[in-house]
Amino acid sequence: MLHAVNQIRTDALGFLEWSWRSYGDVVQFPIPTPPTYLVTHPSGVRRVLQANHRGYGKATVQYRNLALVTGEGLLAADTETWRRQRKSVQPAFHPRAVAAVADHSAAAAVRLAASWSAAGDGAVVDVEEDMMRTALEIVGAALFGADLRSESAELVEATQDGLHAVVARTRNPLSPPLVVPTPANLRLRSAVARLNRAVAQIVAARRATAPPSEPQDMLDVLLADRHIGPRELRDQIVTFIVAGHETVASALTWCWYLLGQHPEAADRLAAEARDVLGDDRLPTFADLPRLAWSSAVFDEALRLYPPGWLITRKALEPDEILGHAVPAGALILISPYLVHRHPAADGGDERFDPARFLGGAPSPATGTYIPFGAGPRLCIGRDMSRAEGAIVLSVLARQFVVSPVPGHVVQANPMVMLKPRGGLPMRVAART
């Protein structure tokens with residue numbers, strides 16, 4: 001590891017892949033405190049995330065640093081706190097809410113299509129930035145009934161500043177406490193302050209209106225729960241603003257990258273959208289079963305480039321993983337990016353082939369396909385995310401050809417989410 005220090009700091013995912021391919025399905029790193037293990041075989045993943053999930057918690061350095069931005073919301077909360085929170089927010093993800101996100105997704109995609117058209121035929125746009133703003137608009141409208149269009153640029157920037165600081169602190173065990181006014185800490189505190197202002201505005205606007213007879217979205221659910229105090233209210237809203245748009249935006253960004261590399265798949269996507277929707281009708285939730293190729297493209301992008309490329313757990317008690325003893329207090333690393341490439345996971349095939357998902361995605365219980373995690377902590381927004389992804393792809397692919405910029409090399413950058421390093425410039429042209 002001493003020889004690999006620079007790679008660990010600049011390309012942690014590459015280092016983990018080298019470690020797995022060099023040493024196998026359970027790798028113990030030469031780190032004394034805490035004992036640290038990389039688990040890549042799907043059977044080991046099932047053990048940690050599902051079969052013995054109560055034996056593992058999220059009190060790891062990665063989630064503690066993330067909580068500096070999100071607070072102790074559903075993403076970072078541990079054990080009993082998480083169980084209570086999950087029960088509290090679950091009503092916000094009822095089938096009607098998933099159906100509603102489809103309408104918000106279509107409307108946001110139409111606005112982006114207008115922006116691409118206005119840029120001119122053949123213009124080069126930063127697809128990553130556009131996906132982040134579009135996903136933020138969708139999560140604001142669907143979960144909080146808030147129009148975040150005017151603030152999208154500032155919120156995206158605040159989110160990126162905060163998450164970059166999280167990564168820097170995770171990679172540097174000697175990071176000073178937040179009270180120390182270093183440039184990095186000041187940027188982090190500024191990002192959190194901007195997110196807090198957005199939350200305050202969202203809550204004030206909702207409280208200025210009469211409460212509905214029954215909750216309509218997540219914000220209604222949170223405000224109606226008398227057990228949720230101001231701090232937890234803030235943490236849950238920031239958690240879903242950050243995680244709710246970052247994950248989908250990352251997945252959609254990789255969708256466009258892959259479609260640009262495989263124009264025949266993009267042509268099929270456009271043909272499906274026109275066949276199901278015609279030339280101008282917007283998709284609804286009821287259309288999703290017939291937008292099977294669009295859903296398959298989204299699922300395949302999640303397989304090849306899962307946004308949450310690293311899952312960490314702390315062993316709460318001694319355990320055994322694939323015959324290897326793991327002591328209490330150990331740090332367990334699981335990378336969906338690597339798990340999806342394991343020979344036990346559909347042969348570890350690295351080809352872009354959405355057809356593998358036309359029959360639906362494998363159950364997370366198998367441990368072979370885990371872009372949303374697995375077990376009880378399976379991402380609560382999975383169904384919303386998949387609906388959002390399929391609809392945004394259908395609306396835009398029907399109208400545009402999105403192609404690579406010659407000479408631009410795309411590299412995966414493992415930050416909090418897996419992103420293309422330096423954004424993703426692509427050329428957009430009207431589809432004839």
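**Entry 1: T253 and its helix**

I looked up T253 and found it in helix α11. The model is a predicted one, and I read every value below with that in mind. T253 is buried, at a relative accessible area of 1%. I then asked which residues T253 touches, leaving out those up to four places away in sequence. They are V127, E128, M131, P420 and L424. Within its own neighbourhood, the side chain of T253 reaches the backbone oxygen of A249 at 2.7 Å.

I next considered helix α11 as a whole. I recorded that 27 of its 32 residues are buried, so the helix is mostly covered, buried being under 20% relative accessible area. I also checked its length. At 1.5 Å a residue, the 32 residues of α11 should span 46 Å, and the end C-alpha atoms are 47 Å apart, which agrees.

P230 also has its place in helix α11. Is P230 buried or exposed? I noted it as exposed, because its relative accessibility is 73% and the cut-off for exposed is over 50%. For a distance across the model, I took P230 and Y23: they are 207 residues apart in sequence and 48 Å apart in space, C-alpha to C-alpha.

**Entry 2: the nonpolar core**

I looked up the largest nonpolar core and found that it has 133 residues. Which residues have the most contacts inside it? They are F144, W256 and I334. Helix α11, residues 230-261, supplies the largest share of this core, with 16 residues.

I then followed F144 outward. Apart from neighbours within four places in sequence, F144 is in contact with V139, I202, R206, D217, M218, L219, I237, F240 and I241. One of these contacts, R206, led me to the charged pairs.

**Entry 3: salt bridges**

I recorded a count of 29 salt bridges. R206 forms one with D220, where the closest N and O atoms are 2.6 Å apart. This pair links distant parts of the chain, with R206 in helix α9 (residues 183-207) and D220 in helix α10 (residues 218-224), 14 residues apart. I checked the exposure of both partners. R206 is buried at a relative accessible area of 16%, and D220 is buried at 8%.

A second pair is D287 and R281, whose side chains meet in a salt bridge at 3.0 Å, N to O. D287 is buried, with a relative accessible area of 6%, whereas R281 is partly exposed at 34%.

A third pair is D353 and R351, which meet at 3.8 Å, N to O. I noted that this counts as a salt bridge because the cut-off is 4 Å. Salt bridges that share partners join E300, R303, D349, R351, D353 and R356 into one network. D353 itself counts as partly exposed, at 21% relative accessibility.

**Entry 4: R303**

I looked more closely at R303, a member of that network. R303 is found in helix α13, residues 292-304, and is buried at a relative accessible area of 5%. A polar contact of 2.8 Å joins its side chain to that of E300. A polar atom of the R303 side chain also lies 3.0 Å from the backbone oxygen of R351. Leaving aside neighbours within four places in sequence, I listed the contacts of R303 as H340, R341, D349, E350, R351, R356, F357 and Y369.

**Entry 5: cysteines**

How many disulfides are there? I found a count of 0. For C255, the nearest cysteine sulfur is that of C379, 16 Å away. I asked why C379 is not bonded to C255. The sulfur of C379 has its closest cysteine sulfur in C255, and at 16 Å this is too far for a bond, because a disulfide requires sulfur atoms within 2.5 Å. The exposure of each cysteine was checked as well: C255 is buried, with a relative accessible area of 0%, and C379 is partly exposed, at 34%.

**Entry 6: G323**

Last, I looked up G323. Where is G323 found? Its place is the loop between β6 (319-321) and β7 (324-326). I recorded G323 as exposed, with a relative accessible area of 57%. In sequence G323 and V199 are 124 residues apart, and in space their C-alpha atoms are 47 Å apart.

Definitions and conventions. Residues numbered from 1 in each chain as written. Predicted model: local features only at pLDDT ≥ 70, side-chain atom pairs only at ≥ 80, totals over all residues. Heavy atoms only, no water. Core = buried A, V, L, I, M, F, W, Y, C linked by side-chain atoms within 4.5 Å. Buried < 20%, exposed > 50% of the residue type's maximum accessible area, 1.4 Å probe, protein only. Helix = DSSP H or I, 4+ residues; strand = E, 2+ residues; numbered from the N terminus. Contact = heavy atoms within 4.5 Å. Expected span 1.5 Å × (residues − 1). Polar contact = N/O pair within 3.5 Å; in protein donor to acceptor, adjacent residues only side chain to side chain.
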